[in-house]
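Me: I would like to go through this model by question and answer, beginning with burial and ending with strand pairing.

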Amino acid sequence: MAPLLPRAPERSYRYPGRLRVPDRVALAGVLYVLRTGVAWRDVPTETVGCSGVTAWRRLRDWTEGRRLAASARGSTGRVAEHRPAGLGRLCRGRVARPGPQRGDHVGPSPVDRARASSKHHLIVDRHGTPLAVTLTGGNRHDVTKLMPLLDSVPPIRGLRGRPRRKPRRLYADRGYDFDKYRRLLWKRGIKPMIARRGVAHGSGLGKVRWVVERAFAWLHQFKRLRIRYERRADLHQGLLELACSLICLRRLRASF
């Protein structure tokens with residue numbers, strides 16, 4: 001992650017100002033909030049090494065510069081190198097999270113008495129490695145983010161040949177059962193394995209799609225993501241991408 005971060009501004013010899021907090025210390029403050037879910041003002045300066053306001057400002061700068069998104073893509077590529085052929089099939093899922101009354105990507109949830117909420121949309125490979133994640137309002141239909149999320153999947157390197165840019169199959173639940181999007185997937189050379197509506201005894205895809213539900217469980221172990229507190233959608237998106245990077249780091253350590 002360090003090569004992706006912007007360089008610290010040079011201090012003037014005449015007016016040096018206050019000494020800048022190192023990026024590693026600021027990242028520790030962001031991770032403290034991500035794991036514990038405390039408010040930014042409650043970050044213990046003695047334990048972390050910086051104030052919560054400093055950590056929030058550094059997160060804002062990294063998010064606006066798309067640094068965390070680049071880190072998440074790099075982590076995904078590293079995990080895929082040690083777990084090849086993971087792009088053969090992708091699993092798609094989403095989950096609703098309560099959110100603030102105002103802000104970007106917040107809408108009335110149709111399944112929670114029109115309370116303000118947001119949705120996490122996630123796509124993973126066959127091993128459960130998160131490849132792309134995004135945030136929308138609670139009133140946004142799930143299928144509208146299918147193609148944009150599929151386009152944001154980074155190229156995955158295998159044992160030989162060029163990096164793969166599309167999977168062979170895509171698994172999803174009944175929320176994505178639309179013939180229009182099935183045709184779009186076939187046009188891209190992707191076989192849609194989407195559950196049909198009205199099936200009495202289930203589609204049987206649960207034995208494959210469970211990896212995306214497990215990935216959501218991993219993602220929401222970070223308490224800051226269980227309830228959306230950030231009013232700015234880009235900051236919450238940055239925390240999502242940082243959590244995906246940590247999940248990839250854990251899987252990368254387990255592969256050695």
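Reply: Buried means under 20% relative accessible area. The model is a predicted one.

Me: Is C50 buried or exposed?
Reply: The cut-off for a buried residue is under 20% relative accessible area. C50 has a relative accessible area of 3%, so C50 is buried.

Me: How many disulfides does the structure hold, and how far from C244 is the nearest cysteine sulfur?
Reply: A disulfide needs two cysteine sulfur atoms within 2.5 Å. A search of the whole structure finds 0 disulfides. C244 takes part in none, and the nearest cysteine sulfur, which belongs to C248, lies at 6.7 Å.

Me: Is C244 buried or exposed?
Reply: Under 20% relative accessible area counts as buried. The relative accessible area of C244 is 5%, so C244 is buried.

Me: Which helix supplies the largest share of the largest nonpolar core?
Reply: This core has 38 residues, of which L34 and L225 touch the most other members. Elements that each supply at least two of its residues include α1, α3, β3, β4 and α7. The largest share, 9 residues, comes from α8.

Me: How many residues are in the other core, the one that lies apart?
Reply: L146, L149, V153 and L185 are among the members of this other core. Its residue count is 18.

Me: Which backbone oxygen does the side chain of K119 reach?
Reply: K119 is located in strand β3. Its relative accessibility is 12%, so K119 counts as buried. Residues that K119 touches include V95, A96, T134 and D142. At 3.0 Å, its side chain reaches the backbone oxygen of R140.

Me: How far apart are the end C-alpha atoms of α7, against the span its residues should give?
Reply: Among the buried residues of α7 are V208, R209, F216 and L219. At 1.5 Å a residue, the 14 residues of α7 should span 20 Å. The distance between its end C-alpha atoms agrees with this, at 19 Å.

Me: Which residue in β5 stands opposite C91?
Reply: Strand β1 (residues 89–98) and strand β5 (residues 169–172) run parallel and are joined by 3 bridges. Opposite C91 in β5 stands Y171.

Me: Which residue in β6 stands opposite L170?
Reply: β5 pairs with strand β6 (residues 191–194) in the parallel sense, over 4 bridges. Opposite L170 in β6 stands P192.

Note on methods
Residues numbered from 1 in each chain as written. Predicted model: local features only at pLDDT ≥ 70, side-chain atom pairs only at ≥ 80, totals over all residues. Heavy atoms only, no water. Core = buried A, V, L, I, M, F, W, Y, C linked by side-chain atoms within 4.5 Å. Buried < 20%, exposed > 50% of the residue type's maximum accessible area, 1.4 Å probe, protein only. Polar contact = N/O pair within 3.5 Å; in protein donor to acceptor, adjacent residues only side chain to side chain. Contact = heavy atoms within 4.5 Å. Expected span 1.5 Å × (residues − 1). Pairing = 2+ DSSP bridges. Lists of a residue's contacts leave out its neighbours within four places in sequence.
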